[in-house]
Amino acid sequence: MAASLRHLSYLLAVAENGSVTAAADQLGVSQPAISTALRNIEADYDLSLFVRERPHKIALTAVGRRFVANARHLLEVAGDFDDDARDLKDTQSGTVEVGCFTPTAPFVVPMVLQRLKQQSPSIRIKLHEGDIDEINRLLTAGVIEVALTYDMYPIPAVEFEPLAEAYPYALLSADDPLARFSSASLSDLAKRDMIAFDLPITQQYFHSLFIQHNLRPKIRHQVKSYEMVRSLVGAGEGYSILIMRPMNERTYSGDRLAYLPVRATIAPPRYGLAFANQYRTTRLVQSFAKVCRDLFAVKNKLSPFLVPPVHK
């Protein structure tokens, strides 16, 4: 657009006041600035908008009246746009696009939604599940505004706010001889077949636990479903390493499971909120984040889903 909104506002002020002097007084702008704006508008559109009358009065031409009517409409629309844009920042009602790491979403998201419904019932949530790499891509692409995920794969474009530490644990069949013990060492586990949770980054993290202790896991199956991991372990196909655990200890088919702390010095992954650095958070996102912070601040709220660590 050739003319700026500011210059169009100068034009309207002149049209309404009938003089550059009066328009300058009303707007608190210098007369030369207004005169220059008028000349530029007429030159840009190759139109004669005003008839100059002596000594300081000017009047609109027929074309000028149409131009001013269109300019007035444009400025009104721009004002509405500006108001709506500010509402997007400050509104307490609307939809938040939320990403969630697929395996842990069933543990955390329902609690968050219940608390959100109590504290901010006018906020709606649209969920986007994915693995950690997908969550990072959705954040940086602007598809989601905030995510509940782990910090296993930090990238510069994503800001992470930790809310809890979650230590990995060994998932075993209740019939496994190791299940009789109170914990399992990585060296004991490395001798057994492993059911690997085949998600990008997650699998790398679990493998790194062994590599840090000069061990290598024996992968028997690689599966992408959380419940498939549990079912294969329950069927005696091997063990697995996971982070959050369900409250029940049975698979879909009824096989019993055991959850054992891993006996090793491990730096636990952190679970929390992730935001894209390049996007400003709206009031809606801030409200959602506060609900998450308040929820995780409640003592023992997540403890049923976590296996306490055991260090060497």
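Reader: What makes strands 4, 3, 5, 13 and 6 an open sheet, and which kind of pairing do they have?

Author: The 5 strands stand in the order 4-3-5-13-6, and the pairing is mixed. The edge strands are strand 4 and strand 6 (158-165), and each pairs on one side only. Two strands pair if DSSP finds at least two bridges between them. Strands are DSSP runs of E, at least two residues; helices are runs of H or I, at least four; both are numbered from the N terminus.

Reader: What kind of model is this?

Author: This is a predicted model: local features need pLDDT of at least 70, side-chain atom pairs count only at pLDDT 80 or more, and totals for chains, interfaces and linings use all residues. Residues are numbered from 1 along each chain as its sequence is written, and side-chain values use heavy atoms, with hydrogens and water left out.

Reader: How do you know that strand 3 and strand 4 pair?

Author: 8 bridges join strand 3 to strand 4 (residues 123-130), against a requirement of at least two. The two run parallel. Val98 stands opposite Leu127 of strand 4.

Reader: How many bridges link strand 3 and strand 5, and in which sense do they pair?

Author: 3 bridges, in the parallel sense. Gly99 has Ala147 of strand 5 as its bridge partner.

Reader: How does helix 6 relate to this sheet?

Author: Helix 6 packs on the sheet, touching strand 3, strand 4, strand 5, strand 6 and strand 13 (270-276). Contact means heavy atoms within 4.5 Å. The direction of helix 6 makes about 155° with that of strand 5. Axes are lines fitted to C-alpha atoms, for helices over the stretch in contact; angles run from 0 to 180 degrees between N-to-C directions.

Reader: Why is strand 3 called mostly covered?

Author: Of the 8 residues of strand 3 (residues 94-101), 6 are buried. Buried means under 20% relative accessible area, exposed over 50%, partly exposed in between (1.4 Å probe, protein chains only).

Reader: Why is Ile144 called buried?

Author: Ile144 has a relative accessible area of 2%. The limit is under 20%, so Ile144 counts as buried. Ile144 lies in the loop between helix 6 (132-140) and strand 5 (146-150).

Reader: What does Ile144 touch?

Author: Glu97, Val98, Gly99, His128, Ile135, Leu138 and Leu139, not counting residues up to four places away in sequence.

Reader: What makes the other sheet open?

Author: 4 strands form it, in the order 8-12-7-11, with mixed pairing. Its edge strands are strand 8 (184-185) and strand 11 (240-242), each pairing on one side only.

Reader: How do you know that strand 12 pairs with strand 7, and in which sense does it pair with strand 8?

Author: 5 bridges join strand 7 (residues 169-173) to strand 12 (residues 257-263), and these run antiparallel. Tyr169 has Pro261 as its bridge partner, and Ser173 has Leu257. Strand 8 and strand 12 pair in the parallel sense over 2 bridges; the requirement is at least two. Ser185 stands opposite Arg263 in strand 12.

Reader: Why is strand 12 called largely enclosed?

Author: Because 6 of its 7 residues are buried.

Reader: Where does helix 9 lie?

Author: Helix 9 (residues 226-234) lies across strand 7, strand 11 and strand 12, at about 50° to strand 7. Ser231 is found in helix 9.

Reader: Why does Ser231 count as buried?

Author: Its relative accessibility is 19%. The limit is under 20%, so Ser231 falls on the buried side. Ser231 touches Thr251 and Tyr252, not counting residues up to four places away in sequence.

Reader: How do you know that Cys100 is in no disulfide?

Author: A disulfide is a pair of cysteine sulfur atoms within 2.5 Å. The nearest cysteine sulfur to that of Cys100 belongs to Cys292, and is 11 Å away. A search of the whole structure finds 0 disulfides.

Reader: Are Cys100 and Cys292 buried or exposed?

Author: Cys100 is buried, at 1% relative accessible area. Cys292 counts as buried too, at 0%.

Reader: How many cavities does the search find, and what volume has the largest?

Author: The whole structure holds 2 cavities of 30 Å³ or more, and the largest has a volume of about 70 Å³. On a 1 Å grid over the protein atoms alone, a cavity is a set of points where a 1.4 Å probe fits but cannot get out; lining residues have an atom within 4 Å of a point. Grid points are joined across faces, edges and corners, and a volume is the space filled by probe spheres set on the points. Residues lining the largest cavity include Phe101, Tyr150, Phe197, Tyr226 and Leu242.

Notes: On a 1 Å grid over the protein atoms alone, a cavity is a set of points where a 1.4 Å probe fits but cannot get out, and a pocket is an open set with protein on both sides within 12 Å along at least five of seven lines; lining residues have an atom within 4 Å of a point.
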